[in-house]
2 protein chains.
Amino acid sequence: MILETALRLFREKGYDRTTMRAIAREAGVSTGNAYYYFGSKEHLVQGFYDRIAAEHQAAVRPVLDRERELEPRLAGVFQAWLDVAEPYHEFAAQFFKNAADPDSPLSPFSPESEPAREAAIDVHRETLAGSTAKVAPELRGPVPEMMWLSQMGLVLYWVFDRSEGRVRTRRLADRSARLTARGVSLSRFRLLRPLVRDVHELFTDFLPGMTHGKPAATGDAAPPKE
Amino acid sequence: MILETALRLFREKGYDRTTMRAIAREAGVSTGNAYYYFGSKEHLVQGFYDRIAAEHQAAVRPVLDRERELEPRLAGVFQAWLDVAEPYHEFAAQFFKNAADPDSPLSPFSPESEPAREAAIDVHRETLAGSTAKVAPELRGPVPEMMWLSQMGLVLYWVFDRSEGRVRTRRLADRSARLTARGVSLSRFRLLRPLVRDVHELFTDFLPGMTHGKPAATGDAAPPKE
């Protein structure tokens, strides 16, 4: 209830201009109470991320129980995300500038977002592991994270998509699923594995929260590995 | 002069809150005069993009005249961009939300940004063509556009980079150059070419300005090709 009120106020007045006091007042609770449940505005956003992740985990069940091929599994996972996120589209467009900064705690790549991010990557771990796709053992860790990164690309596109029913993003989701599945299938060739690993390493070295609790990013990134 | 004044005001007061009238007054010209040279605020930003592109074209000359291998050529092109753009970093961080929307005329992917974009892609065409890298004939068009897209990824990272001298982005530039050069070198394998082509097609179908004057994007994107 506090969370719903906060999301509505963020949408109406903007994240920066909404105070915890205003959220508490609108939700009909004391300010102390609001702070008790959510330590700050930032925690409210993390609560929102956690909720989206949980709703997504529920929404993917039918497709992951039904499909065995990687491409339809991934397409279903993407489409389910679009279903779950649709009610928040207006909020997301308005909120985007706060989340786009990788150093912000509100970034999907931040250490603070790790619980929501891990829940989201878990979906992709299951998407891959439950599929017929063959992946080299050394890539079984990185590939689901790359699949999640492609979902983040999709989210970026979705934020700005004004088409009716997000039909453009829905088409992009199907195309991305096909391409990603093809990329995964090509990764069985030994020739390509170093490239996949290096791309993954680049993301983990340069996105602050991607290093599993060891952010490399206060003013600096890990030195390049030769 | 009008352009410098405009960039300063955009930085100080924000793009949305700066009027052409205020720009003209600060620049010491009549409002009519400002409109004569730049039809709108948006044209001022396009003028800024054109200038960055022209400065970049000049700044890459030494490295493109000196290096023959693709990796150092591309690394030099990225580093030169960071040199040229540095004075505008503060403006870019503030301006980002206007340019991030692919449907905005101020997006680097918009039809309106085509002249600046083509100038930027030309740098990558020369970077590839003048290198020792072997590329299949069918990929000679797409590959420089993909190289430019990797530069756009770098720009996105740079916008939010608060490290001293953008040292993080400078390291990312070298890593990206190495990865991109390796990807280009792998594209000589016949096996991979369809994937490169499909990734490129995905970008041209879904980014409004990438279709060379035939934007597919008013409310819809091109249907997926089977």
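Helices here are DSSP runs of at least four residues, numbered from the N terminus. With that in hand, a first residue can be placed in this predicted model: A:Ser187 sits in the loop between helix H10 (167-186) and helix H11 (193-206) of chain A. Is A:Ser187 buried or exposed? Its relative accessibility is 2%, and buried means under 20%, so A:Ser187 counts as buried. Leaving aside residues up to four places away in sequence, A:Ser187 touches A:Leu139, A:Arg193 and A:Val196. A:Met146 is 41 residues from A:Ser187 along the chain, and the C-alpha atoms of the two are separated by 12 Å.

Another loop of chain A, between helix H9 (142-159) and H10, holds A:Arg166. Its backbone deserves a look. Most residues other than glycine have a negative phi. The phi of A:Arg166, however, is near 55°, a positive value in a residue other than glycine. A:Arg166 has a relative accessibility of 14%, so this residue counts as buried. In chain B, B:Arg166 lies in the loop between H9 and H10. The phi of B:Arg166 is near 50°, which is again a positive value in a residue other than glycine. B:Arg166 has 14% relative accessibility and therefore counts as buried.

The two helices on either side of that loop in chain B also pack against each other. Helix H9 (residues 142-159) of chain B and helix H10 (residues 167-186) of chain B have axes 10 Å apart, at an angle of about 160°. Angles over 145 degrees count as roughly antiparallel, which is why H9(B) and H10(B) are described as roughly antiparallel to each other. Their crossing is right-handed. On the side of H9(B), the contact is made by B:Val143, B:Met147, B:Ser150, B:Leu154, B:Tyr157 and B:Trp158. H10(B) contributes B:Arg168, B:Thr169, B:Leu172, B:Ala173, B:Ser176, B:Thr180 and B:Val184. Sorted by class, the contact of H9(B) with H10(B) has eight nonpolar, four polar and one charged residues.

A second helix pair, in chain A, has another geometry. Helix H1 (residues 2-13) of chain A and helix H2 (residues 20-27) of chain A cross at roughly 120°, and their axes come within 9 Å. How are H1(A) and H2(A) oriented to each other? Angles of 65 to 115 degrees count as roughly perpendicular and those over 145 as roughly antiparallel; the angle here falls in neither range, and H1(A) and H2(A) are therefore oblique to each other. The crossing of H1(A) and H2(A) is right-handed. From H1(A), the residues in contact are A:Ile2, A:Thr5, A:Ala6, A:Arg8, A:Leu9, A:Phe10 and A:Lys13. From H2(A), they are A:Ala22, A:Ile23, A:Glu26 and A:Ala27. By class, this contact has seven nonpolar, one polar and three charged residues.

Aromatic rings give a further way to read the model. A pair of aromatic rings is described by the distance of the centres and the angle of the planes. Over all chains, the structure holds 25 aromatic pairs. In one of them, the rings of A:Tyr36 and A:Tyr37 have centres 5.2 Å apart and planes at 85°, so the pair is edge-to-face. Both A:Tyr36 and A:Tyr37 are exposed. A:Phe48 and A:Phe91 also form an edge-to-face pair, with 5.2 Å from centre to centre and 85° between the planes. This pair links distant parts of the chain, since A:Phe48 is in helix H4 and A:Phe91 in helix H7 of chain A, 43 residues apart. A:Phe48 and A:Phe91 are both buried. Ring pairs link these two with A:Phe10, A:Tyr15, A:Tyr49, A:Tyr88 and A:Phe95 into a cluster.

Helix H4 (residues 41-59) of chain A also contains A:Gln46. With a relative accessible area of 10%, A:Gln46 is buried. Not counting residues up to four places away in sequence, A:Gln46 touches A:Pro105, A:Leu106, A:Ser110, A:Glu112 and A:Ser113.

The last stop is A:Asp103, in the loop between helix H7 (89-99) and helix H8 (114-129) of chain A. A:Asp103 has 31% relative accessibility and so counts as partly exposed. A:Asp103 and A:Asp161 are 58 residues apart in sequence, and 25 Å apart in space from C-alpha to C-alpha.

Notes
Residues numbered from 1 in each chain as written. Chains lettered and ligands numbered in written order. Predicted model: local features only at pLDDT ≥ 70, side-chain atom pairs only at ≥ 80, totals over all residues. Heavy atoms only, no water. Buried < 20%, exposed > 50% of the residue type's maximum accessible area, 1.4 Å probe, protein only. Contact = heavy atoms within 4.5 Å. Axes fitted to C-alpha atoms, helices over the stretch in contact; angles between N-to-C directions. Parallel < 35°, antiparallel > 145°, perpendicular 65-115°, else oblique. Left-handed = near helix turned anticlockwise from the far one by under 90°. Nonpolar A, V, L, I, M, F, W, Y, C, P; charged D, E, K, R; others polar. Phe/Tyr/Trp six-rings, centres within 6.5 Å; stacked < 30°, edge-to-face > 60°.
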